[in-house]
Amino acid sequence: MKRTRIAALDVGTTKVCTIMADIAGGSGLRILGVGIAPSHGLQKGLVVNVNEAKESIRESVRKAERSAGFKLESAYVGVTGRHVSSVNNRGVVAITRNDQLVRGEDLKRVLEVARSIKVPSDQRLLHVIPRTYIVDGQEGVKNPVGMHGFRLDVETHIITAGITSVQNLTKCIRGVGVEIDDLVLEPLASAEAVLTDEEKMNGVMLADIGGGTTDIAVFKNNSIYHTSILPVAGHQITQDISVGLGLAFDLAEEMKKKYGNVLPYQDEKDDADKTLTEDGHSVSYRDLSEIIRIRVEELLRLVVLELPRTDYASLIPSGLVITGGTANLPGIAELGRQATRLPTRIGIPFNLYGVSDTLSDPAYATSVGLLVWKMNHQDTQTWQSKSGANGFMSRVFRMFS
Ligand SMILES: Nc1ncnc2c1ncn2[C@@H]1O[C@H](COP(=O)(O)OP(=O)(O)OP(=O)(O)O)[C@@H](O)[C@H]1O
Ligand SMILES: [Mg+2]
């Protein structure tokens, strides 16, 4: 059986996660090695100290290599941060050949037209994703190759990223001897790991609430509709606890993870009045929960405001899926339902085999998703070849070099 080795490198604001895996025949993803290290030198998803970031990446890569028993050559890498922006753009070309048959080269041409948007000089195209094709006004065509027509339109989702921000990240990774197979926008990766096909078809919003950023992706009709990155996440919750209760940041983080609950009154009523003691510091459970709830509620409202349309019920009937480390906060799905009035669930990576126990946690949605992205986009470079359910998504351009 043909086995293909692949790897993912998720350089997050709080942790670096390296996963080494293989794709064995049609049996899915088998995890061979995982390396997780605390992250230093990053803020809000961006490298702010190259040497510190490099050391964290090195530690994570070495751990993964030790557990897999072989060396990591190259990996799929996640990109996030405020420097990322996205836009939907249309392209149109005429089919002038005598037979009026749409061919692969027409797809290439129409995507060339769609991607010719004005990109600021400090930005580069990261992804140009065809969302849907229109042949002579007939909408919703997923793969127009072989159809007859005079006119071919394409709707694309275009994502650009800041050149220097990406260069800082790639420099750190190459600096530890790992080559980059491809750069993938983090919410697109997370979506691959936690969303179902049905949700993506009906319409769904994904919020990956990590340490430094909240990464958002909206899917409709099985294609990406909107992406955005908010520079607010778990770090701000901890900061609020630290300031509000007069605790050092590390202690506030520990308290949040150990006792944090956005809806404490769901449990026994008396619980709300108890006092928590950690490291000689006492705080009221009620105060701790209140601080976390206020920040998370505000964040969830900000997330929904990112939706490009206000008819939520028809745009995203499958509602909101929350993932990322902060999704571990007890009560967050219920608070999501209350704050957004949308069906809300927690997204945890699924369909994993091998040494994957640690990865069944929302914090690893991006890391696992980078591998699934590769599996679902095998023909990234030969983008006109594949058809079928994921065919149009697989015709993704890679233009960062
Ligand atoms: N049980 C928990 N309760 C509350 N918060 C938690 C819990 N577990 C983890 N977190 C929070 O999740 C955040 C880290 O999430 P994650 O690992 O997804 O971030 P990251 O990928 O390193 O960062 P980013 O993607 O933002 O660059 C931290 O703020 C951490 O405090
Ligand atoms: Mg992350």
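This is a short talk on helix crossings, salt bridges and one buried aspartate in a single structure.

Please keep in mind that the model is predicted. Let's start with the helices.

Take helix 1, residues 50-68, and helix 3, residues 163-175. Their axes come within 9 Å. They cross at roughly 50°. How do the two helices lie to each other, then? Helix 1 and helix 3 are oblique, because an angle counts as roughly parallel under 35 degrees and as roughly perpendicular from 65 to 115. The crossing of this pair is right-handed. Now find the residues that touch. Helix 1 brings V50, A53, K54 and I57. Helix 3 brings C172, I173 and G175. Sort that contact by class and you get five nonpolar residues, one polar and one charged.

On to a second pair. Helix 6 covers residues 234-245, and its axis comes within 9 Å of the axis of helix 8. Here the crossing angle is roughly 140°. Which word fits this pair? Helix 6 is oblique to helix 8, because only angles over 145 count as roughly antiparallel. The crossing of helix 6 and helix 8 is right-handed. On the helix 6 side, look for Q236, I237, D240, I241, G244 and L245. On the helix 8 side, look for D287, L288, I291, I292, R295 and V296. By class, this contact has seven nonpolar, two polar and three charged residues.

Next topic: charged pairs. How many salt bridges does the structure hold? There are 26. I'll walk through some of them.

Begin with R131 and E155. Their closest N and O atoms are 3.9 Å apart. That counts as a salt bridge because the cut-off is 4 Å. Where do the partners sit? R131 is in strand 8, residues 123-135, and E155 is in strand 10, residues 151-162. The two are 24 residues apart in sequence, so this bridge ties together separate parts of the chain. Are the partners buried or exposed? R131 has 12% relative accessibility, so it counts as buried. E155 has 18%, so it counts as buried too. This pair also belongs to a network of salt bridges. The linked residues are R90, R131, R151, D153 and E155.

Now a pair inside one helix. K256 bridges to E253, with the closest N and O atoms 3.7 Å apart. Both residues lie in helix 7, residues 249-259. They are three residues apart, about one turn of the helix. K256 is buried, with a relative accessible area of 10%. E253 is partly exposed at 21%, because buried means under 20%.

Back to helix 8, which spans residues 285-305. Within it, E297 forms a salt bridge with R293. The closest N and O atoms of this pair are 2.7 Å apart. E297 and R293 are four residues apart, about one turn of the helix. At 18% relative accessibility, E297 counts as buried. R293 has a relative accessible area of 23% and is partly exposed.

One last residue. D10 is in strand 1, residues 3-11. Its relative accessible area is 3%, so D10 is buried. What does D10 touch, leaving out residues up to four places away in sequence? The list is K15, V16, C17, E186, T366, S367 and L370.

That's the tour. Thanks for listening.

Definitions and conventions:
Residues are numbered from 1 along each chain as its sequence is written. Chains are lettered from A and ligands numbered from 1 in the order in which they are written. This is a predicted model: local features need pLDDT of at least 70, side-chain atom pairs count only at pLDDT 80 or more; totals for chains, interfaces and linings use all residues. Side-chain values use heavy atoms; hydrogens and water are left out. Axes are lines fitted to C-alpha atoms, for helices over the stretch in contact, and angles run from 0 to 180 degrees between N-to-C directions. A crossing is left-handed if the near helix is turned anticlockwise from the far one by less than a right angle, and right-handed if clockwise. Contact means heavy atoms within 4.5 Å. Ala, Val, Leu, Ile, Met, Phe, Trp, Tyr, Cys and Pro count as nonpolar, Asp, Glu, Lys and Arg as charged, and the others, Gly among them, as polar. A salt bridge is a side-chain nitrogen of Lys or Arg within 4 Å of a carboxyl oxygen of Asp or Glu. Buried means under 20% relative accessible area, exposed over 50%, partly exposed in between (1.4 Å probe, protein chains only).
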